Amino acid sequence: MNKVRFLMIGVGGMGQAHIRNILEIENAEIVGLVDPSEQSIKRARSRLRVLQDVPSFSNIEDAFDAVQADAAVIVTPHSQHFDQGMACLQKGLHVLMEKPFVAGSENARKIIQEAEAVGRHLVVSYQRHLQGPYIYLRNLIQSGELGEIRFITAYQAQSWLESQRGTWRQNKSLSCGGQLNDSGSHLIDVVLWLTGLTPEAVLANIDNRGTEVDIDSALTIRFVGGAMGTINVVGSATVNWWEDVSIHGTNGCAWYRNGEILVSKGMNGPVERVSEQALPPSSNPDADFVNLVFGRIASPAAPAECGYQVARFTEAAWQSAETNQFVSFTV
(Lines give C-alpha, C1' and ligand atoms only; values in the text may rest on other atoms or scores of the structure.)
Protein backbone atom coordinates (compact mmCIF):
# COMPACT_ATOMS: atom_id res chain seq x y z
CA MET A 1 0.00 0.00 0.00
CA ASN A 2 1.53 3.29 -1.15
CA LYS A 3 -1.26 5.52 0.11
CA VAL A 4 -4.09 5.30 2.61
CA ARG A 5 -7.25 5.81 0.58
CA PHE A 6 -9.91 7.61 2.61
CA LEU A 7 -13.67 7.78 2.49
CA MET A 8 -14.84 11.01 4.11
CA ILE A 9 -18.18 10.31 5.76
CA GLY A 10 -19.60 13.75 6.58
CA VAL A 11 -18.12 16.82 4.89
CA GLY A 12 -19.49 19.66 7.03
CA GLY A 13 -17.32 22.00 9.09
CA MET A 14 -15.37 19.38 11.05
CA GLY A 15 -15.30 17.08 8.03
CA GLN A 16 -13.54 19.80 6.06
CA ALA A 17 -11.02 20.23 8.87
CA HIS A 18 -10.15 16.53 8.57
CA ILE A 19 -9.97 16.83 4.80
CA ARG A 20 -7.45 19.68 5.07
CA ASN A 21 -5.31 17.57 7.39
CA ILE A 22 -5.42 14.56 5.06
CA LEU A 23 -4.53 16.64 2.01
CA GLU A 24 -1.30 17.67 3.76
CA ILE A 25 -0.24 14.04 4.35
CA GLU A 26 2.03 12.70 1.63
CA ASN A 27 0.87 9.08 1.82
CA ALA A 28 -2.87 9.73 1.98
CA GLU A 29 -5.63 10.57 -0.48
CA ILE A 30 -9.38 11.06 -0.47
CA VAL A 31 -11.24 8.73 -2.84
CA GLY A 32 -14.85 9.46 -1.89
CA LEU A 33 -17.08 12.02 -0.20
CA VAL A 34 -20.18 10.75 1.57
CA ASP A 35 -22.91 13.15 2.71
CA PRO A 36 -26.69 13.16 2.20
CA SER A 37 -26.57 16.93 1.76
CA GLU A 38 -25.71 17.93 -1.79
CA GLN A 39 -25.23 21.47 -0.52
CA SER A 40 -22.56 20.29 1.92
CA ILE A 41 -20.75 18.48 -0.90
CA LYS A 42 -20.85 21.59 -3.10
CA ARG A 43 -19.64 23.78 -0.24
CA ALA A 44 -16.71 21.45 0.49
CA ARG A 45 -15.72 21.41 -3.19
CA SER A 46 -15.96 25.19 -3.47
CA ARG A 47 -13.67 25.64 -0.47
CA LEU A 48 -11.27 22.84 -1.40
CA ARG A 49 -10.83 22.85 -5.16
CA VAL A 50 -8.75 19.69 -5.11
CA LEU A 51 -11.98 17.78 -4.38
CA GLN A 52 -13.58 18.65 -7.73
CA ASP A 53 -12.93 15.23 -9.28
CA VAL A 54 -13.46 13.16 -6.12
CA PRO A 55 -16.71 11.17 -6.48
CA SER A 56 -19.50 11.88 -4.02
CA PHE A 57 -22.26 9.70 -2.61
CA SER A 58 -25.38 10.24 -0.53
CA ASN A 59 -24.86 7.03 1.46
CA ILE A 60 -21.98 4.77 2.42
CA GLU A 61 -23.37 1.67 0.69
CA ASP A 62 -23.05 3.34 -2.73
CA ALA A 63 -19.54 4.45 -1.82
CA PHE A 64 -18.54 0.92 -0.82
CA ASP A 65 -19.69 -0.37 -4.22
CA ALA A 66 -18.02 2.35 -6.28
CA VAL A 67 -14.57 3.03 -4.80
CA GLN A 68 -11.68 1.14 -3.25
CA ALA A 69 -10.86 2.53 0.17
CA ASP A 70 -8.61 1.53 3.05
CA ALA A 71 -10.01 3.77 5.77
CA ALA A 72 -12.87 6.05 6.72
CA VAL A 73 -13.18 9.22 8.75
CA ILE A 74 -16.65 9.52 10.29
CA VAL A 75 -17.78 13.09 11.02
CA THR A 76 -21.58 12.84 11.15
CA PRO A 77 -24.27 13.43 13.80
CA HIS A 78 -23.40 11.34 16.85
CA SER A 79 -26.38 9.00 16.60
CA GLN A 80 -25.08 7.74 13.24
CA HIS A 81 -21.54 6.89 14.33
CA PHE A 82 -22.19 3.34 15.55
CA ASP A 83 -23.99 2.02 12.46
CA GLN A 84 -21.62 3.75 10.06
CA GLY A 85 -18.57 2.60 11.99
CA MET A 86 -19.76 -1.00 12.11
CA ALA A 87 -20.48 -0.96 8.37
CA CYS A 88 -17.01 0.37 7.59
CA LEU A 89 -15.27 -2.17 9.81
CA GLN A 90 -17.24 -5.01 8.26
CA LYS A 91 -16.12 -3.80 4.83
CA GLY A 92 -12.52 -4.04 5.98
CA LEU A 93 -11.85 -0.33 6.52
CA HIS A 94 -9.88 1.19 9.36
CA VAL A 95 -11.95 3.86 11.12
CA LEU A 96 -11.13 7.25 12.62
CA MET A 97 -14.21 8.40 14.54
CA GLU A 98 -14.95 11.97 15.57
CA LYS A 99 -15.81 12.52 19.22
CA PRO A 100 -17.82 11.66 21.20
CA PHE A 101 -17.23 8.23 19.63
CA VAL A 102 -20.58 6.37 19.56
CA ALA A 103 -23.86 6.70 21.44
CA GLY A 104 -23.52 4.97 24.81
CA SER A 105 -20.94 2.74 26.47
CA GLU A 106 -22.71 -0.46 25.37
CA ASN A 107 -22.33 0.50 21.71
CA ALA A 108 -18.76 1.62 22.40
CA ARG A 109 -17.84 -1.79 23.75
CA LYS A 110 -19.58 -3.55 20.84
CA ILE A 111 -17.77 -1.59 18.14
CA ILE A 112 -14.41 -2.02 19.88
CA GLN A 113 -14.99 -5.77 19.93
CA GLU A 114 -15.94 -5.69 16.24
CA ALA A 115 -12.73 -3.88 15.33
CA GLU A 116 -10.73 -6.48 17.23
CA ALA A 117 -12.62 -9.31 15.54
CA VAL A 118 -11.98 -8.03 12.00
CA GLY A 119 -8.43 -6.86 12.72
CA ARG A 120 -8.92 -3.20 11.87
CA HIS A 121 -7.86 -0.04 13.67
CA LEU A 122 -10.56 1.99 15.43
CA VAL A 123 -9.49 5.38 16.77
CA VAL A 124 -11.31 8.31 18.35
CA SER A 125 -10.38 11.85 17.29
CA TYR A 126 -9.36 13.41 20.61
CA GLN A 127 -6.84 15.92 19.28
CA ARG A 128 -5.60 17.07 22.68
CA HIS A 129 -3.62 13.81 22.88
CA LEU A 130 -1.51 15.26 20.06
CA GLN A 131 -1.20 18.88 21.20
CA GLY A 132 2.09 20.00 22.71
CA PRO A 133 0.73 21.65 25.90
CA TYR A 134 -1.34 18.62 26.84
CA ILE A 135 1.43 16.15 25.96
CA TYR A 136 3.73 18.17 28.22
CA LEU A 137 1.23 17.98 31.10
CA ARG A 138 0.69 14.25 30.70
CA ASN A 139 4.44 13.58 30.58
CA LEU A 140 4.93 15.73 33.67
CA ILE A 141 2.23 13.88 35.60
CA GLN A 142 3.34 10.43 34.44
CA SER A 143 6.97 11.18 35.34
CA GLY A 144 5.95 11.53 38.99
CA GLU A 145 7.48 15.00 39.34
CA LEU A 146 4.23 16.37 40.78
CA GLY A 147 3.96 13.47 43.20
CA GLU A 148 0.67 11.74 43.90
CA ILE A 149 -2.20 13.54 42.18
CA ARG A 150 -4.74 14.59 44.78
CA PHE A 151 -6.97 17.05 42.93
CA ILE A 152 -7.75 17.98 39.34
CA THR A 153 -10.24 20.56 38.15
CA ALA A 154 -11.20 21.21 34.52
CA TYR A 155 -13.27 24.09 33.19
CA GLN A 156 -14.59 24.85 29.74
CA ALA A 157 -16.70 27.79 28.58
CA GLN A 158 -18.27 28.18 25.15
CA SER A 159 -21.18 30.08 23.64
CA TRP A 160 -22.59 26.71 22.58
CA LEU A 161 -26.20 27.42 23.58
CA GLU A 162 -26.47 30.25 21.07
CA SER A 163 -23.98 29.16 18.42
CA GLN A 164 -25.59 25.72 18.03
CA ARG A 165 -29.22 26.77 18.50
CA GLY A 166 -31.38 25.17 15.81
CA THR A 167 -28.67 22.73 14.67
CA TRP A 168 -28.57 18.95 14.97
CA ARG A 169 -26.25 19.29 17.97
CA GLN A 170 -29.21 20.43 20.09
CA ASN A 171 -31.52 17.77 18.64
CA LYS A 172 -31.30 14.92 21.15
CA SER A 173 -32.28 12.21 18.67
CA LEU A 174 -29.31 13.15 16.47
CA SER A 175 -26.76 14.32 19.03
CA CYS A 176 -27.59 11.81 21.80
CA GLY A 177 -26.81 14.53 24.33
CA GLY A 178 -25.77 18.13 24.71
CA GLN A 179 -22.64 20.10 25.50
CA LEU A 180 -21.28 17.56 27.99
CA ASN A 181 -21.46 14.98 25.21
CA ASP A 182 -20.04 17.36 22.59
CA SER A 183 -17.18 19.75 23.40
CA GLY A 184 -17.40 18.62 27.03
CA SER A 185 -16.35 15.10 26.06
CA HIS A 186 -12.88 16.51 25.36
CA LEU A 187 -12.70 17.78 28.94
CA ILE A 188 -13.76 14.44 30.43
CA ASP A 189 -11.20 12.69 28.27
CA VAL A 190 -8.47 15.14 29.30
CA VAL A 191 -9.09 14.53 33.01
CA LEU A 192 -8.94 10.75 32.59
CA TRP A 193 -6.07 10.67 30.08
CA LEU A 194 -3.80 13.23 31.76
CA THR A 195 -3.98 11.70 35.22
CA GLY A 196 -4.52 8.01 34.51
CA LEU A 197 -6.91 8.06 37.49
CA THR A 198 -9.88 5.69 37.65
CA PRO A 199 -13.20 7.35 38.54
CA GLU A 200 -15.04 5.76 41.45
CA ALA A 201 -18.18 7.93 41.61
CA VAL A 202 -19.60 11.16 40.17
CA LEU A 203 -22.16 13.70 41.36
CA ALA A 204 -23.64 15.95 38.67
CA ASN A 205 -25.74 19.09 38.58
CA ILE A 206 -26.95 19.78 35.02
CA ASP A 207 -29.15 22.51 33.53
CA ASN A 208 -30.61 22.26 30.01
CA ARG A 209 -31.31 26.03 29.90
CA GLY A 210 -34.69 25.46 28.27
CA THR A 211 -33.48 23.03 25.59
CA GLU A 212 -33.86 19.26 25.29
CA VAL A 213 -30.14 18.64 25.89
CA ASP A 214 -27.64 19.44 28.65
CA ILE A 215 -26.06 22.88 28.40
CA ASP A 216 -24.31 23.65 31.73
CA SER A 217 -22.80 20.89 33.86
CA ALA A 218 -21.04 20.92 37.24
CA LEU A 219 -19.52 17.54 38.16
CA THR A 220 -17.78 16.36 41.32
CA ILE A 221 -15.64 13.23 41.06
CA ARG A 222 -14.17 10.75 43.51
CA PHE A 223 -11.32 8.66 42.15
CA VAL A 224 -10.08 5.25 43.23
CA GLY A 225 -7.28 5.88 45.72
CA GLY A 226 -8.76 9.06 47.19
CA ALA A 227 -8.08 11.78 44.64
CA MET A 228 -10.84 14.31 44.01
CA GLY A 229 -11.82 16.37 41.00
CA THR A 230 -14.34 18.65 39.36
CA ILE A 231 -15.40 19.17 35.76
CA ASN A 232 -17.31 22.33 34.84
CA VAL A 233 -18.80 22.75 31.37
CA VAL A 234 -20.51 26.08 30.65
CA GLY A 235 -22.35 25.88 27.35
CA SER A 236 -24.30 29.08 28.01
CA ALA A 237 -21.18 31.27 28.21
CA THR A 238 -20.90 34.52 26.26
CA VAL A 239 -17.29 33.82 25.16
CA ASN A 240 -16.39 31.82 22.07
CA TRP A 241 -13.97 29.52 23.89
CA TRP A 242 -12.01 29.12 27.10
CA GLU A 243 -10.43 26.03 28.65
CA ASP A 244 -8.61 25.60 31.97
CA VAL A 245 -7.17 22.54 33.70
CA SER A 246 -5.51 22.58 37.15
CA ILE A 247 -3.60 19.62 38.60
CA HIS A 248 -2.47 19.46 42.22
CA GLY A 249 -0.04 16.81 43.46
CA THR A 250 1.86 16.16 46.67
CA ASN A 251 5.03 17.66 45.17
CA GLY A 252 3.78 20.34 42.84
CA CYS A 253 1.06 21.87 40.70
CA ALA A 254 0.49 22.49 37.02
CA TRP A 255 -2.00 24.63 35.17
CA TYR A 256 -3.26 24.80 31.60
CA ARG A 257 -4.68 28.26 30.92
CA ASN A 258 -6.23 28.30 27.47
CA GLY A 259 -3.00 27.29 25.76
CA GLU A 260 -0.47 28.50 28.34
CA ILE A 261 1.26 26.10 30.76
CA LEU A 262 2.31 27.10 34.30
CA VAL A 263 4.18 24.83 36.74
CA SER A 264 5.16 25.03 40.40
CA LYS A 265 7.36 22.31 41.92
CA GLY A 266 7.92 21.62 45.59
CA MET A 267 6.32 23.31 48.57
CA ASN A 268 5.63 26.97 47.80
CA GLY A 269 7.82 26.77 44.69
CA PRO A 270 7.67 29.65 42.22
CA VAL A 271 5.02 29.52 39.52
CA GLU A 272 6.84 29.48 36.20
CA ARG A 273 5.52 29.73 32.68
CA VAL A 274 6.65 26.96 30.34
CA SER A 275 7.98 28.41 27.09
CA GLU A 276 6.58 27.28 23.77
CA GLN A 277 10.05 26.01 22.83
CA ALA A 278 9.92 23.57 25.76
CA LEU A 279 6.65 22.01 24.63
CA PRO A 280 6.59 18.81 22.56
CA PRO A 281 5.64 19.20 18.89
CA SER A 282 1.95 19.03 18.02
CA SER A 283 0.31 16.86 15.39
CA ASN A 284 -3.27 15.93 14.52
CA PRO A 285 -5.43 12.79 14.67
CA ASP A 286 -5.39 12.29 10.88
CA ALA A 287 -1.59 12.20 10.64
CA ASP A 288 -1.43 9.93 13.69
CA PHE A 289 -4.04 7.63 12.12
CA VAL A 290 -2.12 7.34 8.84
CA ASN A 291 1.04 6.44 10.77
CA LEU A 292 -0.94 3.78 12.61
CA VAL A 293 -2.33 2.23 9.42
CA PHE A 294 1.17 2.09 7.91
CA GLY A 295 2.51 0.46 11.09
CA ARG A 296 4.88 3.33 11.88
CA ILE A 297 3.49 3.48 15.41
CA ALA A 298 2.28 0.61 17.58
CA SER A 299 -0.76 2.34 19.04
CA PRO A 300 -2.79 5.49 18.36
CA ALA A 301 -2.59 8.63 20.45
CA ALA A 302 -6.28 8.24 21.36
CA PRO A 303 -7.40 4.59 21.21
CA ALA A 304 -11.07 3.70 21.03
CA GLU A 305 -10.94 2.70 24.68
CA CYS A 306 -10.78 6.41 25.51
CA GLY A 307 -14.12 6.84 23.76
CA TYR A 308 -15.58 4.01 25.80
CA GLN A 309 -14.38 5.50 29.10
CA VAL A 310 -15.81 8.93 28.22
CA ALA A 311 -19.16 7.37 27.24
CA ARG A 312 -19.25 5.45 30.51
CA PHE A 313 -18.45 8.58 32.52
CA THR A 314 -21.03 10.70 30.68
CA GLU A 315 -23.78 8.16 31.27
CA ALA A 316 -23.00 8.13 34.99
CA ALA A 317 -23.11 11.95 35.09
CA TRP A 318 -26.51 12.04 33.39
CA GLN A 319 -27.83 9.40 35.80
CA SER A 320 -26.52 11.38 38.77
CA ALA A 321 -28.21 14.57 37.54
CA GLU A 322 -31.52 12.72 37.38
CA THR A 323 -31.23 11.15 40.84
CA ASN A 324 -29.32 13.98 42.59
CA GLN A 325 -27.01 11.34 44.06
CA PHE A 326 -23.47 10.11 43.57
CA VAL A 327 -23.40 7.37 40.95
CA SER A 328 -20.71 4.71 41.37
CA PHE A 329 -18.85 3.20 38.44
CA THR A 330 -18.97 -0.54 37.97
CA VAL A 331 -15.68 -2.24 37.10
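This tour moves from the whole chain to a six-stranded sheet, an enclosed helix and two hairpins.

**Before selecting**

The model is predicted: local features need pLDDT of at least 70, side-chain atom pairs count only at pLDDT 80 or more, and totals for chains, interfaces and linings use all residues. Residues are numbered from 1 along each chain as its sequence is written, and side-chain values use heavy atoms, with hydrogens and water left out.

**The whole chain**

Display the full protein chain, which has 11 helices and 15 strands. Helices (H or I, at least four residues) and strands (E, at least two) are DSSP runs, numbered from the N terminus. The radius of gyration is 20 Å, close to the 20 Å of the globule rule for 331 residues, so the chain is as compact as a globular protein of that length. That radius is taken over C-alpha atoms, and the globule rule is 2.2 Å times the number of residues to the power 0.38. Along the principal axes, the C-alpha trace spans about 60 × 45 × 40 Å.

Next, colour by accessibility. Of the 331 residues, 54% are buried, where buried means under 20% relative accessible area (1.4 Å probe, protein chains only). The exposed surface of the chain is about 14800 Å², with 46% supplied by carbon and sulfur atoms; these areas come from the Shrake-Rupley method with a 1.4 Å probe. Among contacts (heavy atoms within 4.5 Å) with a separation of 6 or more, 67% involve residues 24 or more positions apart.

**The parallel sheet**

Select β1 to β6. These 6 strands form an open sheet with parallel pairing, in the order β3-β2-β1-β4-β5-β6. Two strands pair if DSSP finds at least two bridges between them. The edge strands, β3 (56–57) and β6, each pair on one side only.

Move to β5, which is joined to β4 in the parallel sense over 4 bridges; Ile-74 has Met-97 of β5 as its bridge partner. Another 4 bridges join β5 to β6, also in parallel, with Leu-96 opposite Val-123.

Now select β6 (residues 122–125). Which way do its side chains point? Leu-122 and Val-124 point one way, Val-123 and Ser-125 the other way, and all are buried.

**Helix α4**

Select residues 81–90. In helix α4, 8 of the 10 residues are buried, so the helix is largely enclosed by the rest of the structure. The buried residues are His-81, Phe-82, Gln-84, Gly-85, Met-86, Ala-87, Cys-88 and Leu-89. When inspecting their directions, recall that an α-helix has 3.6 residues a turn, so residues three or four places apart point the same way.

What covers these buried residues? The cover includes the strands β1 (4–9), β4 (71–74) and β5 (94–98), together with the helices α3 (60–66) and α5 (105–118). After α4 comes Gly-92, which has a positive phi near 90°.

**Two hairpins**

Select β12 (residues 252–257) and β13 (residues 260–265), which pair in the antiparallel sense over 6 bridges. Trp-255 stands opposite Leu-262 of β13. The two strands form a hairpin with 2 residues between them, and Asn-258 in the turn has a positive phi of about 55°.

Finally, add β14 (residues 272–273), joined to β13 by 2 bridges in an antiparallel arrangement. Here Val-263 stands opposite Glu-272 of β14. The hairpin of β13 and β14 has 6 residues between the strands, and Gly-266 takes a positive phi near 80°.

Note on methods
Buried means under 20% relative accessible area, exposed over 50%, partly exposed in between (1.4 Å probe, protein chains only).
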